[in-house]
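Subject: Handing over the structure, with notes

Dear colleague,

I am passing on the structure below, together with my notes on what was found in it. Please read the notes with the coordinates open beside them.

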Amino acid sequence: MTANQFSCEGIELSLFRYPKQQESNLQAWDAADEHLIKHMLDTEQKSVNTAIINDSFGALQCGLSAIDASWPLCVETDAKTSLLGAELNLEANQLVSDNIQRFHSRELLPDDLSLVLMKLPKNLSYFAHQLQRLSQVLPAGTQVLIAAKAKTINKSILSLIEKNLGSAQASLTWKKTRVITCIADGNKRQLPQAVNWPVDELSLNISNLSNVFAANKLDIGARIMLDNLPEGEFNTVIDLGCGNGILGLRAGQLYPQASIHFVDDSEMAVASSRHNWQLNGFSAEKAQFHWDDCLTHLEPELVADLVLCNPPFHQGEAITDHIAWQMFVDARKRLAPGGMLQVVGNRHLAYHVKLKRLFNNCKTVASNGKFVILQAIK
Ligand SMILES: C[S@@+](CC[C@H](N)C(=O)[O-])C[C@H]1O[C@@H](n2cnc3c(N)ncnc32)[C@H](O)[C@@H]1O
């Protein structure tokens, strides 16, 4: 069996991570996905109106569509890469997606759901938020199945589910995973407020939705980047992997004539950046906000003279540098000749090797024990 061949209880699929060309043999699904699909088959679950939440690259959407091509699915995701990955995998398996309605992580889900399948996310504040969102639409008695590695399921996870949605009971372990069955109690919970904190030294206020990086304080990498932003006249700046938008906000202060483009894979990050731009009194015409995988779908004519980037070094649970690489490649494509990419990274990630390979130059402009700030010119 290859790393792309999913095989579970007679369901055979070819599943790829997104983007497809990754130098890794990581799988696009895990045993918790298999456990949920096995549970659907063992219980002879009928194809009722079903929500799927946190389906990394579409294994659950493909699995249920393979069981019944007309299974009505409402899919919720915060990650653009997960949406694109699922579409790619449905197509790769000749599964039509006419049965699928898509929602991002802030859209109200429909109120006629009969079943919910969920993967437990790493970020538990986000998980609580997702349960609260479900509590607003699920009738009492609706079954919510939450799958995860057995070692991550404990009493406090079960209490968190009970507090935010309804009673919860974990299954026996299968392939080191368990499925929690929650029964919605029909009581609507309030949605959480964004977390707000000031960056006093820059006179900025930051507001973070639950799935946004740097939940309640400035990231230390971002701080050293902020202390070392380049001087110059920049007209078009991209904050690539913007999170709450802190780098782009500072660019808005330093280069008031510039248009700033905020880009992130997380829809909540894009929403927080947009909110923070307004919150800090910047002019609406000077910023654009893009929910995208790196710079893949930005308008072709967009050319930048500065890209700021604090790249991620993991995708979901997997530690990987392929996103950083794709960010650098995309930044180079978008820069005008003479344009600059400025990156902050953990010293041990050795981003200078990648930048030299791509740009044929790379200057270290600042460093401390842990982080380096690198500049490459196109
Ligand atoms: C280390 S955080 C930096 C956030 C913010 N710029 C800061 O400095 O605090 C990396 C950001 O990259 C985003 N990201 C991850 N994969 C991405 C992708 N494929 N395309 C765009 N953004 C991505 C994450 O959602 C996260 O917000």
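The protein contains 10 helices and 20 strands, and please keep in mind throughout that this is a predicted model. Its radius of gyration is 22 Å, close to the 21 Å that the globule rule gives for 378 residues, so the protein is as compact as a globular protein of that length. Measured out along the principal axes, the C-alpha trace spans about 65 × 45 × 40 Å. Of the 378 residues, 55% are buried, and of the contacts between residues at least 6 apart in sequence, 70% join residues at least 24 apart. The protein exposes about 17,000 Å², of which carbon and sulfur atoms supply 50%. As for charge, there are 34 positive and 39 negative charges, and their mean positions lie 7 Å apart.

**Salt bridges**

Side chains of opposite charge can pair when their charged atoms come close. The structure holds 10 salt bridges, and three of these pairs are described here, each with a partner in helix α1.

One of them is formed by K119 and D33, whose closest N and O atoms are 3.1 Å apart. This pair links distant parts of the chain, since K119 belongs to strand β6 (residues 115-119) and D33 to helix α1 (residues 31-42), with their positions 86 residues apart in the sequence. Which side of the 20% cut-off do these two residues fall on? K119 has a relative accessible area of 7% and is therefore buried, and D33, at 2% relative accessibility, counts as buried too.

In another pair, the side chains of E34 and K175 meet in a salt bridge with an N to O distance of 2.7 Å. Because E34 lies in helix α1 while K175 lies in the loop between β8 (166-170) and β9 (177-184), the pair ties together parts that are 141 residues apart in sequence. E34 counts as buried, with a relative accessibility of 9%.

The salt bridge between D42 and K38, at 2.9 Å from N to O, is contained within one helix: the two residues are four apart in helix α1, and so they are separated by about one helical turn. D42 is partly exposed at 47% relative accessibility, whereas K38, with a relative accessible area of 17%, is buried. Beyond these individual pairs, salt bridges that share partners join D30, D33 and K119 into one network.

**Backbone geometry**

Most residues other than glycine have a negative phi, and most peptide bonds are trans. Against that background, a few places in the backbone may deserve your attention when you go through the model.

The peptide bond from Y18 to P19 is cis, with omega near -5 degrees, and P19 is found in the loop between β2 (11-14) and α1.

Two residues other than glycine can be listed for a positive phi, namely C294, at about 45 degrees, and N360, near 65 degrees. C294 sits in the loop between β14 (287-291) and β15 (304-309), while N360 is found in the loop between α10 (351-359) and β19 (363-367). Are these two loop residues buried or exposed? C294 counts as buried, its relative accessibility being 5%, whereas N360 is exposed, with a relative accessible area of 72%.

With best regards

Technical notes. Residues numbered from 1 in each chain as written. Predicted model: local features only at pLDDT ≥ 70, side-chain atom pairs only at ≥ 80, totals over all residues. Heavy atoms only, no water. Rg over C-alpha atoms; globule rule 2.2 N^0.38 Å. Buried < 20%, exposed > 50% of the residue type's maximum accessible area, 1.4 Å probe, protein only. Contact = heavy atoms within 4.5 Å. Areas by Shrake-Rupley, 256 points an atom, 1.4 Å probe, with all protein chains shown as cover. Lys, Arg positive; Asp, Glu negative; His and termini not counted. Charge placed at Lys NZ, Arg CZ, Asp CG, Glu CD. Salt bridge = Lys/Arg side-chain N within 4 Å of Asp/Glu carboxyl O.
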